[in-house]
There are 2 protein chains.
Amino acid sequence: MSLPEAVQYLPHIAYDSVIFGFSGEKLKILLMEYHNTGWFALPGGFVKINEPLDEAVSRGLRERTGLESIYLEQFYTFGSLERVRPEAMRKILQAQHKVVPEKHWLFERFISVGYYALIDYTKVEPQPDALSDSIDWYDVDAVPQLLFDHNHIVEKALEHLRTHLDQKLLSVNLLPERFTMKELQQVYEAILGEKQNRANFQRKMLSLGILERHEKLYSGGSHKAPYLYSFIVQN
Amino acid sequence: MSLPEAVQYLPHIAYDSVIFGFSGEKLKILLMEYHNTGWFALPGGFVKINEPLDEAVSRGLRERTGLESIYLEQFYTFGSLERVRPEAMRKILQAQHKVVPEKHWLFERFISVGYYALIDYTKVEPQPDALSDSIDWYDVDAVPQLLFDHNHIVEKALEHLRTHLDQKLLSVNLLPERFTMKELQQVYEAILGEKQNRANFQRKMLSLGILERHEKLYSGGSHKAPYLYSFIVQN
DNA sequence: TCAAAAGTGTTCAATCTACACCCATGG
DNA sequence: CCATGGGTGTAGATTGAACACTTTTGA
């Protein structure tokens with residue numbers, strides 16, 4: 001894998017993605033660690049000259065997670081000057097390549113479009129890219145210090161996710177195709193960061209009319225078997 | 001006024017602004033008409049090399065409306081390929097300048113960040129820029145056909161404005177400093193596109209705790225004088 | 001037959017909606 | 001003293017939160 005070439009990308013434009021996954025208990029996000037620096041950052045990328053923005057983000061996610069057709073939502077575009085940190089970028093390149101030119105397109109200012117994704121944690125084997133030596137899951141309530149304004153970006157993503165949770169059936173990709181009501185509730189609780197009342201949660205979800213009920217799941221537990229549900233995919 | 005020079009702006013990045021105003025009855029937006037083409041478009045602009053994105057948009061608005069410190073909200077970033085319409089841009093330049101070079105930075109692809117603003121309709125004398133020969137108010141429910149994807153951008157802005165109306169005290173800049181409850185209600189009705197119940201609207205607004213009541217306004221009408229209100233500006 | 005988890009019912013309070021009523025004002 | 005618009009009161013419906021009760025399952 002080689003470094004990205006300037007010529008094929010739109011200059012000054014990047015995207016950063018906050019990739020949420022659900023472990024069965026906690027909400028997590030994918031973070032990269034750069035070679036030999038101890039620095040963490042969000043996975044991001046650049047947009048090709050003749051590539052739609054949305055497609056660029058999908059491509060990046062595909063490369064890093066191997067997943068096709070995942071839920072993606074754009075939430076904000078970051079364009080302040082505090083974002084500009086050429087020295088940091090220089091150190092990242094230096095940590096990997098002995099010779100770094102005085103000028104490099106990665107040292108320029110970038111305006112970055114923020115996206116978040118919701119994916120099935122269990123289906124992913126995260127792939128590091130050329131600049132990072134590891135990529136891994138971290139609890140959203142224990143995110144380390146990140147480069148640039150990436151902590152701020154994570155905050156904004158979480159806020160957006162929380163306030164739009166009901167309207168869209170966001171949880172689609174955080175769970176397997178079929179799931180129990182308890183699992184769905186755990187997803188909500190992990191995202192909102194607070195316990196929900198079981199009985200009321202069930203009623204509320206069913207009243208939304210977005211769930212289809214299937215046969216019961218005999219879990220082997222010594223208790224009543226729960227129904228399985230799936231989301232009704234509309235148009 | 002001269003054409004924008006490529007060198008001072010970030011390439012491939014633009015913003016488009018949907019500027020809402022309230023006439024006392026209807027919600028309106030500002031649209032530009034290009035010289036000798038009959039084409040309409042949203043007012044937009046570019047970001048200088050060392051300028052924060054937000055500041056670039058404020059600057060553009062200041063130049064076009066003369067207003068300082070107005071409510072601005074970023075709502076979406078548009079990056080599809082359907083946006084790219086070099087022929088249209090060429091015609092716009094041709095309509096004004098006899099000689100147009102084969103290549104020009106304005107013919108390149110742009111990713112555009114959408115913002116909307118809420119301003120006091122009565123305080124503005126819209127200023128056309130170098131490319132447009134007029135800029136004027138149009139009813140939101142009678143927007144003409146616009147260039148590029150600008151009709152789509154207006155749709156998105158309206159949708160965002162409607163769904164976030166309660167949370168933020170958005171109406172701040174659509175009305176004069178002090179206003180009656182009836183005026184505020186008219187703003188809401190114009191934005192939401194539906195009548196509100198007078199009594200309940202009053203209670204709801206007061207319960208939000210964001211309004212300060214002032215002395216009564218003796219309007220001269222033969223009826224009870226209404227109170228004046230202003231928004232309480234917090235932190 | 002017991003414990004645990006799932007599904008459903010019930011109650012009470014808070015909120016929303018519609019409409020009624022009274023008040024201030026100028027003609 | 002009447003018409004008009006503004007402010008507040010109230011009954012009924014709707015929604016939401018808390019908690020109780022019943023059912024199913026394997027041990």
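## Contacts with the bases of strand D

In this predicted model, a backbone N or O atom of His223(A) lies 2.9 Å from a base oxygen of DNA strand D, which is a polar contact in the sense used here (a pair of N or O atoms within 3.5 Å; within protein, one must be able to donate a hydrogen and the other to accept it, and residues adjacent in sequence count only if both atoms are side-chain atoms). Side chains reach the bases of this strand as well: an N or O atom in the side chain of Asn200(A) is 2.9 Å from a base nitrogen of DNA strand D, and an N or O atom in the side chain of Arg203(B) is 3.2 Å from a base oxygen of DNA strand D. The elements that give two or more residues to the surface near this strand are α5 (198-207) of chain A and α5 (198-207) of chain B, where helices (H or I, at least four residues) and strands (E, at least two) are DSSP runs numbered from the N terminus.

Altogether 21 residues surround DNA strand D, the closest being Ser222(A), Lys224(A), Arg198(B), His223(B) and Lys224(B); a residue is near a strand if one of its heavy atoms lies within 4 Å of it. Sugar and phosphate account for 51% of the atoms of DNA strand D that come within 4 Å of the protein. The largest share of this surface, four residues, comes from α5(B).

## Contacts with strand C

Around DNA strand C there are 22 residues, with Arg198(A), Tyr227(A), Asn200(B), Tyr218(B) and Ser222(B) the closest. A polar side-chain atom of Asn200(B) lies 2.9 Å from a base nitrogen of DNA strand C, a polar side-chain atom of Arg203(B) lies 3.2 Å from a base nitrogen of that strand, and a polar backbone atom of His223(B) is 3.0 Å from one of its base oxygens. For this strand, α5(A) gives the most to the surface, with four residues.

## The ends of α5(B)

At the start of α5(B), a side-chain oxygen of Asn197(B) reaches to within 3.0 Å of the backbone nitrogen of Ala199(B). After α5(B) comes Gly209(B), whose phi is positive, near 70°.

## How the two chains are related

Chain A is superposed on chain B by a rotation of 180° with 0.0 Å of shift along its axis, at an RMSD of 0.1 Å, the fit being by least squares on the C-alpha atoms of residues with pLDDT of at least 70 in both. That is the relation of a two-fold axis. The same surface serves both copies, since 100% of the contact residues of chain A recur in chain B, contact meaning heavy atoms within 4.5 Å.

## The largest pocket

The largest pocket is lined by 31 residues, of which His160(A), His164(A), Phe75(B), His160(B) and His164(B) lie nearest its centre. The largest share of the lining, six residues, comes from β5(B).

## Conventions

Residues are numbered from 1 along each chain as its sequence is written, while chains are lettered from A and ligands numbered from 1 in the order in which they are written. Local features need pLDDT of at least 70 and side-chain atom pairs count only at pLDDT 80 or more, whereas totals for chains, interfaces and linings use all residues, and side-chain values use heavy atoms, with hydrogens and water left out.

Note on methods
1 Å grid on protein atoms, 1.4 Å probe; cavity = no way out; pocket = protein on both sides within 12 Å on 5 of 7 lines; lining within 4 Å.
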